[in-house]
Amino acid sequence: MAELVDIFQQVAQNAVEAMKLTDKATGTVESAAPLRVKVDTSMQSIPEAGLILTDTVKEQTVKVQGGPGSVTVREGLKPGDRVLMLRVQNGNQYIILSKIT
């Protein structure tokens, strides 16, 4: 009987863990085009389709008023950048929140 209770407890614990909606993670950008990020806590590498970028990690350029060119205000992600991410949808997608320095 005790074994059955232990099995039910383990099943319930696994179900709760699988339903974890969000969790923080860190990673390293492996390539910028196409974007690919390696998650630090696993050997897993996330392809661009599994990544959602916030404005803070997107390149931003502004056209110079009265001039012919533009200025880069914020660089986008590049290989080697460390990033802070939020894991969503049971780890199927990651939201990249910011770069880590």
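In which sense do β4 and strand β8 pair, parallel or antiparallel, and over how many bridges? In this predicted model, β4 and β8, the latter made of residues 93-100, pair in the parallel sense, and three bridges hold that pairing. One place to look is L53, which stands opposite I96 in β8.

To see where this pair belongs, it helps to step back to the whole chain. The secondary structure of the protein comes to one helix and eight strands, and along the sequence these elements follow the pattern α-β-β-β-β-β-β-β-β, with the helix ahead of the strands. Six strands make up an open sheet, in which the order is β3-β2-β1-β7-β8-β4 and the pairing is mixed. At the edges of this sheet lie β3, residues 45-47, and β4, residues 51-53, each of which pairs on one side only. From one strand to the next, the twist of the sheet averages 40°.

On its other side in the sheet order, β8 has β7 as its neighbour, and here the two strands run antiparallel and are joined by seven bridges. Within this pairing, V83 has K99 in β8 as its bridge partner. The two strands β7 and β8 form a hairpin with four residues between them, and in the turn Q89 has a positive phi of about 55°.

The sheet also leads to the nonpolar interior. As a general background, nonpolar side chains in soluble globular proteins tend to be buried together. The largest nonpolar core in this model has 13 residues, and V37, M85 and I96 are those with the most contacts inside it. Two or more residues of this core come from each of β1 (22-32), β2 (35-39), β7 (82-88) and β8, while the largest share, three residues, comes from β2. I96, already met opposite L53, shows how many parts of the chain can come together around one residue: leaving aside neighbours within four places in sequence, I96 is in contact with L35, V37, L51, I52, L53, T54, V57, L77, V83, L84 and M85.

A different setting is found at A32, whose place is in strand β1. Is A32 buried, partly exposed or exposed? A32 has a relative accessible area of 38%, and it counts as partly exposed because this value lies between the limits of 20% for buried and 50% for exposed. Not counting residues up to four places away in sequence, A32 touches L77, K78 and P79. A32 and L77 are 45 residues apart along the chain, yet their C-alpha atoms are separated by 6.3 Å.

Finally, the overall dimensions put these details in context. The C-alpha trace of the protein spans about 80 × 25 × 25 Å along its principal axes, and the radius of gyration is 20 Å, whereas a compact globule of 101 residues would have one near 13 Å. Of the 101 residues, 19% count as buried, and the accessible surface comes to about 7200 Å², of which carbon and sulfur atoms account for 58%. Among contacts between residues at least 6 apart in sequence, 45% join residues at least 24 apart.

Notes:
Residues are numbered from 1 along each chain as its sequence is written. This is a predicted model: local features need pLDDT of at least 70, side-chain atom pairs count only at pLDDT 80 or more; totals for chains, interfaces and linings use all residues. Side-chain values use heavy atoms; hydrogens and water are left out. Two strands pair if DSSP finds at least two bridges between them. Axes are lines fitted to C-alpha atoms, for helices over the stretch in contact, and angles run from 0 to 180 degrees between N-to-C directions. A nonpolar core is a set of buried Ala, Val, Leu, Ile, Met, Phe, Trp, Tyr and Cys residues joined through side-chain atoms within 4.5 Å. Buried means under 20% relative accessible area, exposed over 50%, partly exposed in between (1.4 Å probe, protein chains only). Contact means heavy atoms within 4.5 Å. The radius of gyration is taken over C-alpha atoms; the globule rule is 2.2 Å times the number of residues to the power 0.38. Accessible areas come from the Shrake-Rupley method with a 1.4 Å probe; for residues, only the protein chains shown count as cover.
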